[in-house]
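User: Hello! I am new to reading protein structures. Could you take me through this one, feature by feature?

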Amino acid sequence: MKIVYKIGDIIGRLTTVVGWVSFISVTVMMLLNVADVLLTKLFSSPIIGSYELTQRILMCAVFTSFAYAQTKKKHITMTIFIRRFPGVPRFVSFALTSIVSVIAAGALTWAATVQGGVALRSGYMTEVLYIPLYPFYYIEAAAMAVFTLALLHDAVLAVIAIFSRDVAQVVAKDWD
């Protein structure tokens, strides 16, 4: 059981690193947009391509925030019904929905990886600055892989919670 918690600590550190990417992305995006507005209003000289840079940075910010939010239990979990179930059915239901979440996130990881390959082979670029798009899809895929890993850890805990009262308390502590 200790190994599951140790793996959770490792995943927590990994998601913190990914969370910092999100934080830095939002900061860069904010500074870029403020500079663009100021330059446009004061000097009638906008930053060329700032909109498409903002789009790409936003993509990085959003996808890198998912895993961090998962480890901090900040995603919305609809436990309004299952928390009223008795012990085992409560955690069976939660484990099943957790497994579905892992499958969905894994599919999105795969899709982002495939899209990155398509963008690389096809030479997809942004319209104004001609920035290749494939690195952004690979950043998305990496972020989704970390998110999938965090979801998998939580799903394993949910399955263990079916059989262990101690783990059940840990899993359900954030359901209020």
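**Reading the model step by step**

Analyst: Let's start with one residue: Tyr 130 lies in the loop between H3 and H4. Helices (H or I, at least four residues) and strands (E, at least two) are DSSP runs, numbered from the N terminus. The model is predicted, so local features need pLDDT of at least 70 and side-chain atom pairs count only at pLDDT 80 or more, while totals for chains, interfaces and linings use all residues. Residues are numbered from 1 along each chain as its sequence is written, and side-chain values use heavy atoms, with hydrogens and water left out.

User: What is the mean pLDDT of the protein chain?

Analyst: First, the idea: pLDDT is the predictor's confidence in each residue, from 0 to 100. Where it is low, the predicted coordinates should not be read in detail. Here the chain has a mean of 95, with 99% of its residues at 70 or more. Among the elements, helix H4 (residues 134-163) has the highest mean, 97, and helix H5 (residues 165-172) the lowest, 93.

User: Back to that loop. Is Tyr 130 buried or exposed?

Analyst: Buried means under 20% relative accessible area, exposed over 50%, and partly exposed in between (1.4 Å probe, protein chains only). Tyr 130 has 56% relative accessibility, so it counts as exposed. Its phi is positive, about 55°, although Tyr 130 is not a glycine. Ser 44, in the loop between H1 and H2, also has a positive phi of about 55° without being a glycine. With a relative accessible area of 65%, Ser 44 is exposed.

User: Where is Glu 127 found?

Analyst: Glu 127 is in the loop between H3 and H4, and it is exposed at a relative accessible area of 62%. Here is a nice lesson about sequence and space: Glu 127 and Glu 52 are 75 residues apart in sequence, yet their C-alpha atoms are 8.1 Å apart. For another pair, Gly 106 and Ile 162, the C-alpha atoms are separated by 24 Å, with their places 56 residues apart along the chain.

User: Which residues is Thr 148 in contact with, leaving aside its neighbours within four places in sequence?

Analyst: Contact means heavy atoms within 4.5 Å. With those neighbours left out, Thr 148 touches Val 102, Ala 105, Gly 106 and Thr 109. Thr 148 sits in helix H4 and counts as buried, because its relative accessibility is 15%. Its partner Gly 106 belongs to helix H3 and is partly exposed, at 27% relative accessibility.

User: How many aromatic pairs are there?

Analyst: A pair of aromatic rings is described by the distance of the centres and the angle of the planes. Rings of Phe, Tyr and Trp (its six-membered ring) pair if their centres lie within 6.5 Å; planes under 30 degrees apart count as stacked, over 60 as edge-to-face and the rest as tilted. That rule gives 6 aromatic pairs. In one of them, the rings of Phe 63 and Phe 66 have centres 5.6 Å apart and planes at 70°, so the pair is edge-to-face. Both residues lie in helix H2, 3 residues apart, which is about one turn of the helix. Phe 66 is partly exposed, at a relative accessible area of 24%. Ring pairs also join Phe 147 to Phe 63 and Phe 66 in a cluster.

User: How much space lies in the largest pocket?

Analyst: On a 1 Å grid over the protein atoms alone, a pocket is an open set of points with protein on both sides within 12 Å along at least five of seven lines, and lining residues have an atom within 4 Å of a point. The largest pocket holds about 900 Å³ of space. It is lined by 37 residues, and the closest to its centre are Gln 70, Lys 73, Phe 94, Ala 150 and Asp 154. The largest share of this lining, 8 residues, comes from H3.

User: And which helices supply at least two residues of the lining of the second largest pocket?

Analyst: Those are H3, H4 and H5. The second largest pocket has about 160 Å³ of space, and its lining includes Phe 91, Ile 162 and Arg 165.

Terms used: 1 Å grid on protein atoms, 1.4 Å probe; cavity = no way out; pocket = protein on both sides within 12 Å on 5 of 7 lines; lining within 4 Å. Points joined across faces, edges and corners; volume = space filled by probe spheres on them.
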